[in-house]
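Thanks for coming. I have one structure to go through today, and I will put it up before I say anything about it.

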Amino acid sequence: MKELMEMVNLLEQQEEHIMSLFDLKNFWRCVGSKGMRRFRFLVKKYPGIFRYTVDHEKEPWVDLTEDVEQLLRDEKIAKQENKPLLVEKMRKLLMMSVDRRLRVEKLCHLKYMFGFPDEFRKKFLNEYPEFFHVVETSIGPCLELKTWDPALAITAREKAAWEKLVGSKTAPDNTDFQMLSHMSRDSHAPNYEFEMFHPKGGTPGRREFERIARFQALPFPSPYEDAVSLDPASPEAEKRTVGVVHELLSLTIDKKSVISRISFFKNEFNIPNCSEALFERYPGIFYVSHSGDHHVVFLKEAYKGSEVLEKSPLLLINEHLVRLMKLGRAHKRHQNTHVEDEESHGSSDELSEIEQHESLTKTGDIMI
């Protein structure tokens, strides 16, 4: 998928978004010799994305289909309109980090996961100096938080608890946030427990139920609070790690992530015990997909079956792109119109449905 989007980006940079395949050699620095062969392969593999034509002089040309052109226009509008939300996401990531700073190089690995714009490194990181700025450090350029906002130091779980209490999605003021924060970390406030979604037939036994009950009864160490003093082997540290990952997944576009991407930030977010084994200890909160080369962790409460409950404009654009890819491949398979129907219905089993959704994970310019 990454290769596909690199080719889409390359075409987008051309005048009128069209180029001759004979000219592809001029872009060898972008795609490499292997990439040049791969480009030709992808063009023919995805007729729903690329339009391939040959002129009267037998010169092959490629451009983007009108559907993809429209998606790119929609994506630019969505990213522009979502800039305040993206700035808020970045501030929350910095507020969760140990030193209130994150390496720019590492942040680039999270760029598409959170829906940050294309000009992330060159423009976005320097566009809001009142909130964060790039500083030179001994480990390289880092993005550093400028101002702390207590209203942002409230987790998605706490906000969901507020909605349950008052029946409103209107954000409370700072005073109420502080009260909510205090109540949510009170071990005697059952309304603020993590929501559990067990698969059919997967109801925990007595011992497991008691373990989860002890976990839920622990005070909630907020991802936004300093946890340096916590013993990494303590139950409180484990609950904090669950809380940090829960918050990180809540901030992503599609409420899931490759596990290695989260583990990449163990030190920055002080979650040394973050691992696939940890996620599998809490199957009511997370679902781990083992399909493909990369294991993926899903935030269960954000899904109904294989569908994200609250879809952002970017996620809707991504899903449309995937449909175009499938349509193109179905057309290449002798216009087998039943392929998409079978895939869209899928299995009624909860875990099978979520695993099917894993096939939608993408890396590229348009990104879930």
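How many bridges pair β4 with strand β6, residues 140–145, and in which sense? There are three bridges, and the pairing is antiparallel. Keep in mind as we go that this is a predicted model.

One residue pair to look at in that pairing is Arg-103, which stands opposite Cys-142 in β6.

Now the sheet as a whole. It is an open sheet of three strands, in the order β4-β6-β5, and the pairing is antiparallel. β4, residues 101–103, and β5, residues 132–137, are the edge strands; each has a single partner strand, so one side of each lacks a neighbour in the sheet. From one strand to the next, the twist averages 30 degrees.

What packs on this sheet? Helix α4, residues 83–96, does, and it touches β4, β5 and β6. The direction of α4 makes about 105 degrees with that of β6.

Staying with α4, let me turn to its helical partner. Helix α3, residues 66–81, packs with α4 at an angle of about 60 degrees, and the two axes are 4 Å apart. Roughly perpendicular would begin at 65 degrees, so the term for α3 relative to α4 is oblique. Which residues make the contact? From α3 they are Lys-79, Gln-80 and Glu-81, and from α4 they are Lys-83, Pro-84 and Leu-86. Sorted by class, the contact has three charged residues, two nonpolar and one polar.

Next, the strands earlier in the chain. Strand β3 covers residues 60–64, and it pairs with β1 as well as with β2. Strand β1, residues 18–20, is joined to β3 by three bridges and runs antiparallel to it. In that pairing, Met-19 stands opposite Val-62 of β3. Strand β2, residues 50–54, is joined to β3 by five bridges, and these two strands also run antiparallel. There, Arg-51 has Asp-63 of β3 as its bridge partner.

Is β3 enclosed or open to the outside? Four of its five residues are buried, so the strand is largely enclosed by the rest of the structure. Buried here means under 20% relative accessible area.

The last item is the hairpin of β2 and β3. Five residues lie between the strands, and in this hairpin Lys-58 takes a positive phi near 65 degrees.

That is what I wanted to show. I can go back to any of these views.

How values were computed: Residues are numbered from 1 along each chain as its sequence is written. This is a predicted model: local features need pLDDT of at least 70, side-chain atom pairs count only at pLDDT 80 or more; totals for chains, interfaces and linings use all residues. Side-chain values use heavy atoms; hydrogens and water are left out. Two strands pair if DSSP finds at least two bridges between them. Axes are lines fitted to C-alpha atoms, for helices over the stretch in contact, and angles run from 0 to 180 degrees between N-to-C directions. Contact means heavy atoms within 4.5 Å. Angles under 35 degrees count as roughly parallel, over 145 as roughly antiparallel, 65 to 115 as roughly perpendicular and the rest as oblique. Ala, Val, Leu, Ile, Met, Phe, Trp, Tyr, Cys and Pro count as nonpolar, Asp, Glu, Lys and Arg as charged, and the others, Gly among them, as polar. Buried means under 20% relative accessible area, exposed over 50%, partly exposed in between (1.4 Å probe, protein chains only).
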